[in-house]
Structure formats: structure tokens, C-alpha cells
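Subject: Structure for you to look through

Dear colleague,

I am passing on the structure we talked about, and I would be glad if you could open it and keep it beside this message while you read. My notes on what was found follow directly below it.

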Amino acid sequence: MSVTSDVGVIGAGIIGLSTAYHLAEQGLSVTIYEAGVPGRGQSAGQSRIFRHAHDDPRLIRLAVRARERWRAWSDEFGTQLVSEDGAVALGPSVPRRLALLRDTGVAAEELDPAAVRELLPVLAGYEGAAMLDPGGGSIHTRAAIDVLAERFADRTVTEQVITVHRTGAGAAVRTPTTLGEHGTVVICAGRGTPALVRGLGLSLPVRLGAHVRVSFGLREPIDRLPTLQDGSGVFGATGIYAAAYPDRSGYGLGLSDSVDAHDDGAIYDGQRLAESADAAVAYVSTALPGLDPTPTGIVHCWVTSLPWGDDGVAIWQLGPVVALAGHNLFKHAPVIGEALAETVVSGHVAQDFAAEDWLGRTD
Ligand SMILES: Cc1cc2nc3c(=O)[nH]c(=O)nc-3n(C[C@H](O)[C@H](O)[C@H](O)COP(=O)(O)OP(=O)(O)OC[C@H]3O[C@@H](n4cnc5c(N)ncnc54)[C@H](O)[C@@H]3O)c2cc1C
């Protein structure tokens with residue numbers, strides 16, 4: 001089989017789907033290539049945190065635009081894609097994060113212990129530094145993937161891309177049974193991106209790791225369930241994050257560290273994934289008495305991070321091929337897709353997204 005279109009997009013995770021959306025908005029014809037089920041790679045699971053707080057003010061500004069876009073998509077697709085429940089953060093980084101948010105014009109509130117109790121009655125007593133990002137919330141990941149994937153269902157080739165190469169007129173994509181010819185090819189294949197780009201002669205500085213998050217149900221129904229990031233250490237582990245299920249029946253919760261993997265996906269220490277899941281259970285037992293500590297589900301995911309920070313993201317352009325890599329991308333997906341589409345249309349990497357810009361750097 002052969003297909004032709006203006007742009008081939010490799011990967012139907014949230015980034016590829018958002019990119020396809022923005023390209024189609026600009027009147028370009030798009031073909032998506034997806035090896036598996038859309039949204040079952042790094043985008044898997046029921047929820048993600050939407051937060052404005054980042055160490056790099058450029059990411060805060062992008063989050064403001066992304067939040068507007070999530071609201072617009074919710075209206076356009078007729079389904080809520082991010083909850084309005086807010087994002088709570090605990091720990092010593094709160095004063096710095098509050099200052100950064102305020103400097104960027106984002107409303108955020110410092111919380112006293114009584115306010116924390118009221119907002120998060122599932123949490124055990126907590127007296128330390130805390131803040132609320134009222135514009136934050138839980139992203140309804142499945143709904144987001146489903147509405148976007150549905151829009152491109154008739155333009156999706158469900159096969160693994162084996163190679164991308166330049167042609168006189170643009171770039172060609174080869175899968176087991178399809179040859180695609182496109183003016184431009186965008187590679188946003190998550191874990192698969194470095195290998196496809198390496199075939200074009202460029203080695204991306206992506207660190208591969210594996211991550212686990214565990215789901216827990218609430219003991220009692222609740223009307224509001226903000227996301228939680230806990231860097232306080234008060235309850236033992238630090239670097240905890242939790243996002244609510246769309247119906248607020250539970251939290252998907254994990255530790256933000258990941259287990260190193262070799263470039264080819266070999267994991268040096270698989271046992272650490274089990275330990276990380278156990279640590280999530282231990283945290284819930286101590287810190288979240290409003291949750292049943294018996295896990296109701298588990299998600300294992302690859303993590304692809306860049307050396308300059310956990311929220312680092314960049315776009316590379318190699319003639320008619322554009323590629324993206326980074327981590328913690330879900331919340332920014334609407335504006336990252338826009339940046340990739342802009343890169344395709346203008347022929348230049350969108351502002352701040354070149355690798356040398358270190359977007360998402362942690363100082
Ligand atoms: C446990 C966990 C928690 C997270 N929490 C948050 C959070 O709270 N907030 C946040 O914003 N982000 C969070 N993230 C990060 C976020 O989920 C990811 O950055 C984002 O989903 C990446 O989307 P993607 O489209 O780039 O990649 P993916 O979703 O992995 O999509 C890539 C797609 O490409 C396909 N593919 C790969 N190779 C090929 C090939 N050769 N041919 C065809 N198809 C191919 C794959 O099948 C896959 O579907 C979290 C990530 C994890 C793992």
C-alpha cells in the first residue's frame with residue numbers, strides 16, 4: 001500500500017495527536033502512523049497532573065496557553081478534559097514556586113494547615129508549606145486521547161514505522177506493508193523517537209527510564225479532589241505525585257524517580273520498579289488515610305528525559321524531518337503540538353524549542 005499526504009506524523013500519543021490536530025487546522029493533509037493502540041505508550045493511564053508551576057518561567061507561560069487550549073478543546077469536543085479541582089503542592093519548594101508563579105502572573109495561593117485539610121480531606125495532618133494552583137487539575141487522559149484519535153481514525157496507519165528517510169520531494173516512511181511519501185515527517189514516537197532519528201544520522205540526548213504508578217480508591221466519595229505533589233518528606237517518601245481519576249473515585253500515584261534503562265530498553269534493575277510500587281503503597285498507608293492502600297491498578301511506562309531537567313523538551317529539525325523529545329509533556333501537549341505544526345509550516349524550529357534553548361531547564 002502507498003499513502004501520500006502533506007505531513008506524516010509518527011506516534012499517536014498525546015503529542016502526535018495534538019500535532020495532527022494543529023496541522024489539520026492549518027489545512028494540511030495528515031497521515032498518522034501508530035504501531036499499537038493510540039495513547040497506550042507513555043500517554044497510558046487515566047490521569048495526569050496539569051500544573052502551572054515549573055522551574056523555567058517559559059514553561060509557566062506555555063502552561064497558561066496550554067490551559068486555555070485544554071478549555072477550548074473541552075468545548076470543541078463536548079467533554080471535560082481537565083478538572084477544575086486545582087493542584088496542591090507541599091514542601092520546601094513552595095515559596096520559590098509561588099514567587100515564580102506570581103512573577104509570571106499566575107494566580108496561586110499559599111495554604112495554611114486548615115486550608116490544606118479542607119481542600120484535601122484524604123490527607124493526614126500536615127503543617128508544612130503548601131500552595132494551591134487553582135487553574136491546575138487532573139487531565140482526563142483517556143478522553144483526550146479518544147477524541148483526538150477518533151478525529152484521525154481514517155487517516156491512521158496502524159503499523160510500526162521501520163525507517164524514515166529523505167527523498168527529493170520530502171521524506172518517506174516505511175512500515176511492514178506501507179510506503180508513505182510526505183512533504184514533511186514529524187517524529188513524536190516517544191520511546192521510539194531516538195532510534196528513528198538515529199537512522200537519519202542524529203543522536204538525541206534522551207535518557208530512557210521506566211516508571212511505575214499505582215492506583216488507589218477513595219474510601220468515601222468526594223466532590224473535589226485536587227492533584228497532589230508532595231516534596232515535603234513529612235510522610236516518608238518525597239517526590240510524590242498523584243492525579244485524580246475523572247470520576248474522583250481514586251488517585252493514580254507514584255514517586256517521580258525512574259529506573260534507568262539501556263538505549264535498547266534493557267532495564268538494569270527491574271526489582272526497583274517493584275520497590276517503587278511498594279513505596280507508593282507505603283506512602284498511601286501513612287499520608288492518605290482517605291484512600292484504601294490496596295492497589296486497584298498499576299501502570300508501567302517508559303520515561304524519555306533530556307539532560308537539562310525533568311520537564312525538559314526540545315524539537316530538532318533535519319530538513320524535511322522534525323522530531324520531538326522530552327518528559328512530562330502531557331499538560332503542555334496542546335501547545336507542543338502547535339509548536340511542532342509551526343515548525344513544519346515555517347521551516348524553523350518554534351521559539352524556545354531548539355535543543356540549545358534548554359526549555360524546561362532546572363537551574
Ligand atoms: C507514570 C507517568 C506519569 C506522568 N505524569 C505526568 C503528569 O502528571 N503530567 C504531565 O504533563 N506529564 C506526565 N507524564 C509524562 C507524559 O505522560 C508523557 O510525556 C506524554 O504522555 C508523552 O506523550 P508522547 O505522545 O510524546 O509519547 P507516547 O504517548 O509514548 O506516544 C508515542 C507513540 O508512538 C508510538 N510509536 C513508537 N515507535 C513507533 C514506531 N516505530 N512506529 C509507529 N509508532 C510508534 C507508540 O506506540 C506510542 O503510542 C507522565 C508519564 C508517566 C510515564
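A good place to begin is the ligand, where a backbone N or O atom of Lys331 lies 2.8 Å from an oxygen atom of the ligand. Please keep in mind throughout that this is a predicted model. Asn328 also takes part through its backbone, with an N or O atom placed 3.4 Å from a ligand oxygen atom, while a polar backbone atom of Ala35 is found 3.0 Å from a nitrogen atom of the ligand. Around the ligand there are 32 residues, and those that come nearest are Glu34, Gln42, Ser43, Arg48 and Val161.

The rest of my notes concern how helices pack against each other. In general, a pair of packed helices is described by the angle between the two axes together with the distance between them.

How do H2 and H8 cross? Helix H2, residues 57-77, and helix H8, residues 333-346, have axes that come within 7 Å and cross at roughly 100°, and because angles of 65 to 115 degrees count as roughly perpendicular, H2 is described as roughly perpendicular to H8. On the H2 side the contact is made by Leu62, Arg65, Ala66, Arg69, Trp70 and Trp73, and on the H8 side by Ala333, Pro334, Val335 and Glu338. Sorted by character, the residues of this contact are seven nonpolar, no polar and three charged.

H2 also packs against helix H5, and here the axes come within 11 Å and cross at roughly 60°, which makes H2 oblique to H5. The crossing of H2 with H5 is left-handed. In this contact Trp70, Trp73, Glu76 and Phe77 of H2 meet Ala144, Val147, Leu148 and Arg151 of H5, and the residues divide into six nonpolar, no polar and two charged.

Finally, H5, which covers residues 141-151, has a contact with helix H1, residues 14-25, and their axes cross at roughly 45° and come within 10 Å, so that H1 is oblique to H5. This crossing, too, is left-handed. Which residues of H1 and H5 meet? From H1 they are Ile14, Leu17, Ser18 and Tyr21, and from H5 they are Ala144, Ile145, Leu148, Ala149 and Arg151. The residues of this contact comprise seven nonpolar, one polar and one charged.

With best wishes

Conventions. Residues are numbered from 1 along each chain as its sequence is written. This is a predicted model: local features need pLDDT of at least 70, side-chain atom pairs count only at pLDDT 80 or more; totals for chains, interfaces and linings use all residues. Side-chain values use heavy atoms; hydrogens and water are left out. Axes are lines fitted to C-alpha atoms, for helices over the stretch in contact, and angles run from 0 to 180 degrees between N-to-C directions. Helices (H or I, at least four residues) and strands (E, at least two) are DSSP runs, numbered from the N terminus. Angles under 35 degrees count as roughly parallel, over 145 as roughly antiparallel, 65 to 115 as roughly perpendicular and the rest as oblique. A crossing is left-handed if the near helix is turned anticlockwise from the far one by less than a right angle, and right-handed if clockwise. Contact means heavy atoms within 4.5 Å. Ala, Val, Leu, Ile, Met, Phe, Trp, Tyr, Cys and Pro count as nonpolar, Asp, Glu, Lys and Arg as charged, and the others, Gly among them, as polar. A residue is near a molecule or strand if one of its heavy atoms lies within 4 Å of it. A polar contact is a pair of N or O atoms within 3.5 Å; within protein, one must be able to donate a hydrogen and the other to accept it, and residues adjacent in sequence count only if both atoms are side-chain atoms.
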